[in-house]
Amino acid sequence: EPGETLNLQLATPTNAILGTANATLTVIDDDSGPLVNFSNAGYTVNEAHGAATITVTLSAPSANSVTVGYTTSNGSATSGSDYTSTSGTLTFAPGVTSQIFTVALNDDGLGENDETVALSLSAPSGATLGAPANATLTIVDNDINPMLLFSNATYNVNENGNAATITVNLDKASTNVIKVDYATSNGAATAGSDYTATNGTLTFSPGITSQTFVVPIIDDNADESLEALNLALSNATNATLGTPGNATLNIIDNEGEPIVEGQAANLRVEENVSGGLATVTVTLSAVATQTVRVDYATSDITTLAGQDYVASSGTLTFNPGQISQTFTVPILDDSLDEADENILIRFSAPVNANLGAVRDVILVIVDNDLPPTVEFSRATYIAAEDAGTVLITATLSVPSALTVKAPYLLHNNSATAGSDYVASNGSLTFAPGQTSQTFAVAILTDVMQEGDETIDLVLGAPSNATLGARQTATLKIVDNDKEFVATAKLYLPFISYSLPIGR
């Protein structure tokens, strides 16, 4: 304290008189000034408290007013974002040994490490700086660590997109460096054939809330369904794993569904095909990784099911990787000469494929039967001259499914057209299944006695048949006139005698 005085006074002297009767005694203080310092070397406050109270103390009471300056400065905390910087002077009135000041805190909502503010005292008056003259204020973060999560639970990428970009987010910014591992794994998609396996670590610098990694996609030529691979996060630092912490990447196939079709050209099979079966091949335009199905069914065009073939239907199944399948149609062998016949095979209801241009196949049954022969039913026909007409019959050796036509001609032999018969030429038509036809020859009668006469019958080149052995025949006209005798009478007197004069 400062020097202090007391008054001295003399009074009522005996045997003397007063000289200087008043004096002052000054007591000079031998105590040094108090020490001024922080009450602690470190202070701790939760970020949510709003303000930190800092205490400064004197080592001993002072009879004088004591002052000291204080100030804050950045440690790891930043003025303006973590706290409000402050400075000023503390005054200790005489006898007061403690004073305080406050540091305002900013609750930023960021997940971060604890941060520090530097506190210092300076320029004391009436005291000297003690220890600690510098202290640290630690701001304890009250925010939960941010969460790491995929931006989507499901990502889609086209197979020919080369790569998929995957985004990982923080749910809020952080002042810490955040790290997290990522990795891919097989689902239906297979590493090496559908995508390239990928793993690594994402680093989020302070304030960064989004990072990405890339999954390379492999483009193949196979038609396939949607394929997926798994994405996972792990080993987060300064953050927690949120939801979704796992995600799925779907690879969308860029190949169109394969085309299923039969052969473009008509399929031909001999009627007497070995084993009685026609084999039909159906193909896919490309390899499929899915099971492909297609229905087939036969129907008549110029054929008749049950007579020419056995009606067939069913479903063809192409397992993954197969591009060809076959089915059979039973062929029935008959003995009829007939034109080649057509069966329609129609494809329908494809599954995991599309029908191509050749969705109908024509199966041609090639006939193996020789054409029938056509000939007269006999080598010689006989008719009386007065018969009027005579029917001439021509026959086929076997029935035919085709219409057979055969021209016929009449030629004079000993008979003469116009006097013995009516000249006529024509054509015989055998409808399918018929084996016999006739034509009529008109016979002319006369009164002349004559011998039997003949007409030559000839079959011409037939259609859908060949000529048999009796391609010619003879029609004999038997004369119906009797011989007669003419007589003459010679009259002589008394004698009558007849003499023949002609026949």
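Which side chain meets R346 in a salt bridge? The side chain of D360 does. The legends below describe close-up views of a predicted model.

**View 1. R346 and D360 meet in a salt bridge.**
The N to O distance is 2.8 Å. R346 belongs to strand 27, and D360 to strand 29, which covers residues 360-366. The two residues are 14 apart in sequence, and the pair links distant parts of the chain. R346 is partly exposed, at 45% relative accessibility. D360 is also partly exposed, at 29%.

**View 2. R268 and D340 form a salt bridge between a strand and a loop.**
Their side chains meet at 3.1 Å, N to O. R268 sits in strand 22, residues 267-270. D340 sits in the loop between strand 26 (324-330) and strand 27 (341-351). These parts are 72 residues apart in sequence, so the salt bridge ties together separate stretches of the chain. How accessible is R268, buried or exposed? R268 is exposed, because its relative accessible area of 52% is over the 50% mark. D340 reaches 36% and counts as partly exposed.

**View 3. E375 pairs with R470 in a salt bridge.**
The closest N and O atoms are 3.7 Å apart. That is within the 4 Å limit for a salt bridge. E375 lies in strand 30, residues 373-376. R470 lies in the loop between strand 37 (466-467) and strand 38. The pair links distant parts of the chain, 95 residues apart. E375 is buried, because its relative accessible area of 17% falls under 20%. R470 is partly exposed, at 31%. With this pair in view, the count of salt bridges in the model is 3. Side chains of opposite charge can pair when their charged atoms come close.

**View 4. Five strands make an open sheet.**
What is the order of the strands? The order is 31-38-36-33-34, and the pairing is mixed. Strand 31 (380-384) and strand 34 (426-430) are the edge strands. Each of these two pairs on one side only. Neighbouring strands of the sheet are turned by 25° against each other on average, direction ignored.

**View 5. Strand 31 runs parallel to strand 38.**
How many bridges join strand 31 to strand 38? There are 5 bridges between them. Strand 38 covers residues 472-478. Within this pairing, Y381 stands opposite L475 of strand 38.

**View 6. N250 is a buried residue in a strand.**
Find N250 in strand 20, residues 246-252. Its relative accessibility is 12%, so N250 counts as buried. Which residue shares a polar contact with the side chain of N250? The side chain of N156 does, at 3.1 Å. Leaving out residues up to four places away in sequence, N250 touches T154, Y155, N156, V157, L226, E227 and A228. N156 thus appears both as a polar partner and among the residues touched.

**View 7. A cis peptide bond joins A131 and P132.**
Omega is about 0° for this bond. Where does P132 lie? P132 is in the loop between strand 10 (128-129) and strand 11 (134-140).

**View 8. The peptide bond from T243 to P244 is cis.**
Omega is near 10° here. P244 is placed in the loop between strand 19 (240-241) and strand 20. Strand 20 is also the strand that holds N250, shown in View 6.

**View 9. N15 has a positive phi in a loop.**
Phi of N15 is near 55°, and N15 is a residue other than glycine. The loop runs between strand 1 (4-9) and strand 2 (22-27). Is N15 buried or exposed? N15 is exposed, at 83% relative accessibility.

**View 10. N464 also has a positive phi.**
The value is near 60°, again in a residue other than glycine. N464 lies in the loop between strand 36 (453-459) and strand 37. Strand 36 is one of the strands of the open sheet in View 4. N464 is partly exposed, with a relative accessible area of 36%.

Technical notes: Residues are numbered from 1 along each chain as its sequence is written. This is a predicted model: local features need pLDDT of at least 70, side-chain atom pairs count only at pLDDT 80 or more; totals for chains, interfaces and linings use all residues. Side-chain values use heavy atoms; hydrogens and water are left out. Two strands pair if DSSP finds at least two bridges between them. Axes are lines fitted to C-alpha atoms, for helices over the stretch in contact, and angles run from 0 to 180 degrees between N-to-C directions. Buried means under 20% relative accessible area, exposed over 50%, partly exposed in between (1.4 Å probe, protein chains only). A polar contact is a pair of N or O atoms within 3.5 Å; within protein, one must be able to donate a hydrogen and the other to accept it, and residues adjacent in sequence count only if both atoms are side-chain atoms. Contact means heavy atoms within 4.5 Å.
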